[in-house]
Amino acid sequence: MDRRQMTLMLSDKEMTLLDQLAASRGMSKTALVRQALRLYQSVTERLENGDKVFVERPSTLEKTELMML
Amino acid sequence: MKELLGQVDLYNRESASYDKAEVYQELDQKNFDDFDQLWQPMLAKRGAEVHSLAEAANANVQDARWDWVGKAKVAAMMMGQETFAVECGETQGLMLVNLNGFGQIEVQKGRELIYIELLATAPWNRHKLVASPRYKGVGRILIATAISLSIDSGFHGRLGLHSLPQSESWYRDEAKFTDLGLDAPKRMHYFEVTVDQAKAFLEDK
């Protein structure tokens, strides 16, 4: 697969989060950023098509709609 | 853009020898033409003769209405989807995967995995559909390709898939994948592949 390189400047807070997420998911930081892009595209595509995305709390079945502005 | 991933050996039942085949990521017009001109006529002809899901399973044509061309064109625009083809002259197998899947079994619950949306071998390679199937092992090559993608994506080989009824025993008994039972909405058994199962699958020739 063709790959293109870019330099990504992150704040300490963002880099810490990236480190923590990569460690907790057992993925490299590059793999995590790629996965985040895939999920972001998947969610925005659904919203643009008129679908709704919900987060449900199992204990109360309370649903919160994910809104992207 | 279509990319050659590598060469594999495909067992030719007619000559009882191995032929060189290629595995590609992303389908192109050659695959679409093979599907439209070679696969579809065979699937449509046999599909027209069956009148129930059970008969379609017996004839090995449950995928007769899968729109590979349309799905591949959508997949080419989505980061979360990838298509693959095995070619040996003609297109011998096709696969569509989703990279946004998550595990369900306890050992990998909520972990990222590759979900195999569609996987099919060419009609002339299928038992029940033709008297003498040509190539053996196309499905295994595609599953191994999905595991490799899972590893490359940082998912450590984890996979998920729903199986057509006639393939359940292969996934359960041959491939040794975990059968989570009937997924009622889909009316198919759901299987998952753990990190250890993926490793064992790749090591098993």
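Visitor: What share of the 205 residues of chain B count as buried, and what makes a residue buried?
Guide: Welcome! The share is 36%. A residue is buried if 20 or more other C-beta atoms, placed from the backbone, lie within 10 Å of its own, exposed if 12 or fewer do, and partly exposed in between. This is a predicted model, where local features need pLDDT of at least 70 and side-chain atom pairs count only at pLDDT 80 or more, while totals for chains, interfaces and linings use all residues. Residues are numbered from 1 along each chain as its sequence is written, with chains lettered from A and ligands numbered from 1 in the order in which they are written.

Visitor: Why is A:Gly26 called partly exposed?
Guide: A:Gly26 has 15 other C-beta atoms within 10 Å, so this count falls between the 12 of exposed and the 20 of buried.

Visitor: How do you know whether the radius of gyration of chain B agrees with a compact globule?
Guide: The rule, over C-alpha atoms, is 2.2 Å times the number of residues to the power 0.38. For 205 residues it gives near 17 Å, and chain B has 16 Å, so the two agree.

Visitor: What makes residues of chain A and chain B count as in contact?
Guide: Their C-beta atoms, placed from the backbone, must lie within 7 Å. Twelve residues of chain A are in contact with eleven of chain B.

Visitor: Which residues have the most contacts inside the largest nonpolar core, and what makes a core?
Guide: A nonpolar core joins buried Ala, Val, Leu, Ile, Met, Phe, Trp, Tyr and Cys residues through C-beta atoms within 7 Å. The largest has 43 residues, and B:Ile114 and B:Leu159 are among those with the most contacts inside it.

Note on methods. Contact = placed C-beta atoms within 7 Å.
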